[in-house]
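Could you walk me through this protein, starting from one of its helices and working out to the whole chain? I would like to follow along in the viewer.

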Amino acid sequence: MRLCDLHCDTLTELDNRGGNFAENDLQISLHRAAAFDSYVQVLAVWCDKELSDEASFERFCRIADSFLAWADGRSDFVLCRTGSEVNAAVCAGKRAAVLAVEDARLLAGHIERLDVLREKGVRFLTLQWAGETATGGAWNTHSGLTDFGRAVVKRCFEIGIVPDLSHASLEVTDEVLSMAEECGLPVVCTHSDSYALTPNGRNITDETYRRIAALGGIVGVCLCPGHLSDKNSASSDDAAAHMLRGLSIEPDAVALGCDFDGIGDDTPVDLPDVSALSLLYEKVRKAVGNELADKAFFGNAFRFLTTYLR
């Protein structure tokens, strides 16, 4: 089994608790991912809601600099900035990662900070997380992009940071997709599930899924139980249903964006950490076969990374 996961908050949790990415007591580590034949992880730094915009930027810089120093010179792991680096790492049998930021409010009104993020290796930017920010409204609002938000999206397209619509309002989602369609560049939802299966405000509609797919973008299925099911808990069966829904709409766009170490201990009952994903893989494989299962768990996201990261 090969795995390429589009979203986790492990770096933020390591900053909270201490430890390193190789071996820790969190839901994701290189040790836990050792069973996978190939492994690529998008590592997001989350802007803690308790911090100001400015403090969030300072924290990101500290986390990124520390992780860059830890990763430098490792023989088993590569922090990648370009698609060719991702491809080379996987071909060499190394574990690979790409940096992301969750919540663009850390820009604090400074558009030039996008270039700082890019220089430190960030290639995905989740525009909002909750409420209304300087860039626009999140999923729990009905607000669209602000003027600053439009400038951020435009600059992301210019410098090769991919806008992430997970957590965005319907209004922001529609406007960013229109901007992407106008310039012919992709956007993603790194960790969002199907609204048709679970009508949660954090999930996306089939129409949004199709528009993302038409641009060459991808959608990562999130393992947050409240997004997978309207019951009090969820299981790998619920996660498989959301993956199969995506495969039925556009098999080249479905991926995984587990959100491990971001959803806390509230995981699907039989998917407590990344090492358990083989169970989910087997359920999808039995439903659609080896080829489509590999695309959903690795191939689609790997194609996106190697095609669009620059």
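Helix H5 has its buried side made up of Phe148, Gly149, Val152, Val153, Cys156, Phe157 and Ile159. Keep in mind as you look around that this is a predicted model. The helix runs over residues 147-159, and its 13 residues reach 19 Å from the first C-alpha to the last, close to the 18 Å expected at 1.5 Å a residue. What lies over those buried residues? The cover includes helix H4 (113-119) and strand S5 (122-126), along with strand S6 (162-164) and helix H6 (170-183). If you follow the backbone out of the helix, you come to Gly160 just after H5, where phi is positive at about 90°.

Now let us move to a loop. Ile28 sits in the stretch between helix H1 (10-17) and strand S2 (38-46). Is Ile28 buried or exposed? Its relative accessible area is 0%, so Ile28 is buried. Leaving aside neighbours within four places in sequence, Ile28 is in contact with Asp5, Cys8, Thr10, Phe21, Tyr39, Gln41, Phe260, Asp261 and Val274. Pick out Phe260 from that group: Ile28 and Phe260 are 232 residues apart in sequence, yet their C-alpha atoms are 6.8 Å apart in space.

Another residue worth clicking on is Ser56, which belongs to helix H2 (residues 53-71). Ser56 counts as buried because its relative accessibility is 3%, and the cut-off for buried is under 20%. Not counting residues up to four places away in sequence, Ser56 touches Cys47, Asp48, Leu51, Arg105 and Leu106.

Let us step back to the whole chain. The protein chain holds eleven helices and eight strands, and 58% of its 310 residues count as buried. Among contacts between residues at least 6 apart in sequence, 71% join residues at least 24 apart. How does the overall size fit a compact globule? For 310 residues such a globule would have a radius of gyration near 19 Å, and the protein chain, with 18 Å, agrees with that. Along the principal axes, the C-alpha atoms fill a box of roughly 45 × 45 × 35 Å.

Finally, have a look at the surface and the charges. The protein chain exposes about 11800 Å², and carbon and sulfur atoms supply 48% of that area. The chain carries 29 positive and 47 negative charges, and the mean positions of these two sets are 4 Å apart.

Methods
Residues numbered from 1 in each chain as written. Predicted model: local features only at pLDDT ≥ 70, side-chain atom pairs only at ≥ 80, totals over all residues. Heavy atoms only, no water. Helix = DSSP H or I, 4+ residues; strand = E, 2+ residues; numbered from the N terminus. Rg over C-alpha atoms; globule rule 2.2 N^0.38 Å. Buried < 20%, exposed > 50% of the residue type's maximum accessible area, 1.4 Å probe, protein only. Contact = heavy atoms within 4.5 Å. Areas by Shrake-Rupley, 256 points an atom, 1.4 Å probe, with all protein chains shown as cover. Lys, Arg positive; Asp, Glu negative; His and termini not counted. Charge placed at Lys NZ, Arg CZ, Asp CG, Glu CD. Expected span 1.5 Å × (residues − 1).
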